[in-house]
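Welcome, and thanks for taking a look at this one with me. Here are some notes to help you find your way around.

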Amino acid sequence: MTSRFINPGSDQNQSLRLRRWTMAAGASGMVLALFFAAYLLNVLDRKVFLTTVLLTLGLVILFYTLFRSNLNLRFRDASLTLPQILAATLVILYVLSQSKAGHGVLALIYMMPFLFGVFRLTTRQLLGLTAFVAVSYAVIIGAQGISEAGLDPDAFNRNVLNWIVLTTVLAYFSVMGGYISRMRRNLSDSKKTLEAALLRIENMAARDELTGVANRRSLMDVLKQQKNRVDRYGKTFSVLMIDIDHFKRINDTYGHHAGDVVLRSFANTAAASLRDTDVFGRYGGEEFLAIVEQTALDQSSVVAARLCELARTLVFDELASGLRISVSIGSAEYRPPEEWQETVDRADKALYRAKDGGRDRFELATVPSPN
């Protein structure tokens with residue numbers, strides 16, 4: 001709790017709320033300066049002004065503590081917009097009720113806390129605040145009129161006019177502010193929808209539509225990145241070219257739907273068996289490519305053997321009784337300064353040797369001869 005009280009950490013929302021609090025604290029300082037001017041002009045008593053200062057500072061510190069300690073997160077509106085505006089409104093009401101004269105001008109200060117509600121509060125909430133201010137201000141005017149029996153009727157009429165103007169302006173401001181707030185929420189929703197759509201497009205561009213694993217384009221990007229990393233830092237990686245044996249026979253015998261099921265099942269099983277740092281994708285047709293990071297050629301044979309065993313364990317009895325598959329694999333380790341495509345080509349040649357050797361097996365690529 002102590003560390004969070006000192007620093008909000010990486011929570012961007014809390015940082016934003018603290019910045020808004022800073023703006024509100026600055027506005028509070030400006031209001032106190034206006035009240036100080038009213039004190040100098042003998043509109044406010046010294047005691048009233050000092051009480052207002054203490055109330056304002058106390059509320060500023062209170063909301064600061066709530067934000068810094070993360071206690072604000074327990075409320076539905078973690079920004080505490082409405083409570084802050086209500087607190088500011090009550091302080092202003094206190095000043096108006098204690099002012100000797102000129103509170104019609106001081107009532108304009110109500111506009112400042114209302115500004116902070118434009119981007120967070122709804123029209124109904126803003127109108128509710130307007131009604132609260134209108135009733136409270138009317139009570140102040142009435143109470144002062146009763147307590148001061150000799151009040152100049154013209155002064156009372158001016159106060160009533162001030163009440164009418166303030167209430168009208170705040171009501172209009174509430175409607176416009178609610179409209180702006182609604183537009184902001186709509187824009188925020190549109191932004192989220194657009195971001196979700198862009199994410200789906202990115203996934204579609206990077207994923208094979210049938211199997212859901214990386215597509216050929218993504219594999220090529222990863223191969224380029226791996227080559228650049230190895231060339232720069234001197235590590236290594238291997239690629240495994242994988243082919244489902246006699247896949248055409250499955251399509252011809254059981255239909256293309258069965259072939260799709262086989263592709264998806266093997267792709268998902270193989271991808272799940274690799275490390276998070278490895279990449280598995282569909283290279284084309286029934287061929288897949290695995291890019292295993294920081295894995296030398298002899299270590300890649302362990303991965304290849306595991307993938308061969310996984311393929312043998314897959315069961316497709318729902319498609320046809322006794323339907324099983326096997327895979328042939330060719331593995332090659334990247335050898336600088338060759339191009340990544342040369343590594344893939346060597347893995348492909350090793351794959352064909354595995355097929356020629358009887359399938360359901362793997363072969364390691366030969367090391368390229370030095371130039």
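The points below go from one helix to the cores, then to a surface patch and a single buried threonine.

1. **A word on the model.** Please keep in mind as you read that this is a predicted model.

2. **Helix α2, end to end.** A good place to begin is helix α2, which covers residues 12–40. Its 29 residues should span 42 Å at 1.5 Å a residue, and the end C-alpha atoms are 42 Å apart, so the expected and modelled values agree. Just after α2, have a look at N42, which takes a positive phi of about 65°.

3. **What α2 hides.** Several residues of α2 are buried: Q14, R17, L18, W21, A24, A27, V31, L32, F35 and A38. You may like to pause at R17, an arginine in this helix. Its relative accessible area is 16%, and because buried means under 20%, R17 counts as buried. Setting aside residues up to four places away in sequence, R17 touches F67, N72, L73, A78 and S79.

4. **The largest nonpolar core.** Which residues have the most contacts inside the largest nonpolar core? They are F35, L96, L106, Y110, F114 and L166, in a core of 30 residues. The elements giving two or more residues to this core are α2, α3 (46–68), α4 (81–98), α7 (123–147) and α8. Helix α7 supplies the largest share, six residues.

5. **F35 up close.** F35 appears both among the buried residues of α2 and among those with the most contacts inside the largest core. Apart from neighbours within four places in sequence, F35 is in contact with L44, F49, T52, V95, L106 and I109.

6. **A second core.** There is also a second, separate core, made of 29 residues. Among them are I242, V261, A270 and F316.

7. **A nonpolar patch outside.** Now turn to the surface, where Y172, M176, Y179, I180 and M183 make a nonpolar patch of about 500 Å². Y172 is found in helix α8, which runs over residues 153–206. Is Y172 buried or exposed? With a relative accessible area of 57%, Y172 is exposed, because the cut-off for exposed is over 50%.

8. **T343, tucked away.** Finally, look for T343 in helix α13, residues 340–356. This threonine is buried, with a relative accessible area of 1%. Leaving out neighbours within four places in sequence, T343 is in contact with V239, A332, E333, Y334 and E338.

Terms used
Residues numbered from 1 in each chain as written. Predicted model: local features only at pLDDT ≥ 70, side-chain atom pairs only at ≥ 80, totals over all residues. Heavy atoms only, no water. Helix = DSSP H or I, 4+ residues; strand = E, 2+ residues; numbered from the N terminus. Buried < 20%, exposed > 50% of the residue type's maximum accessible area, 1.4 Å probe, protein only. Contact = heavy atoms within 4.5 Å. Patch = residues over 30% accessible without salt bridge, like charges linked within 9 Å, V, L, I, M, F, W, Y side chains within 5 Å. Areas by Shrake-Rupley, 256 points an atom, 1.4 Å probe, with all protein chains shown as cover. Salt bridge = Lys/Arg side-chain N within 4 Å of Asp/Glu carboxyl O. Expected span 1.5 Å × (residues − 1). Core = buried A, V, L, I, M, F, W, Y, C linked by side-chain atoms within 4.5 Å.
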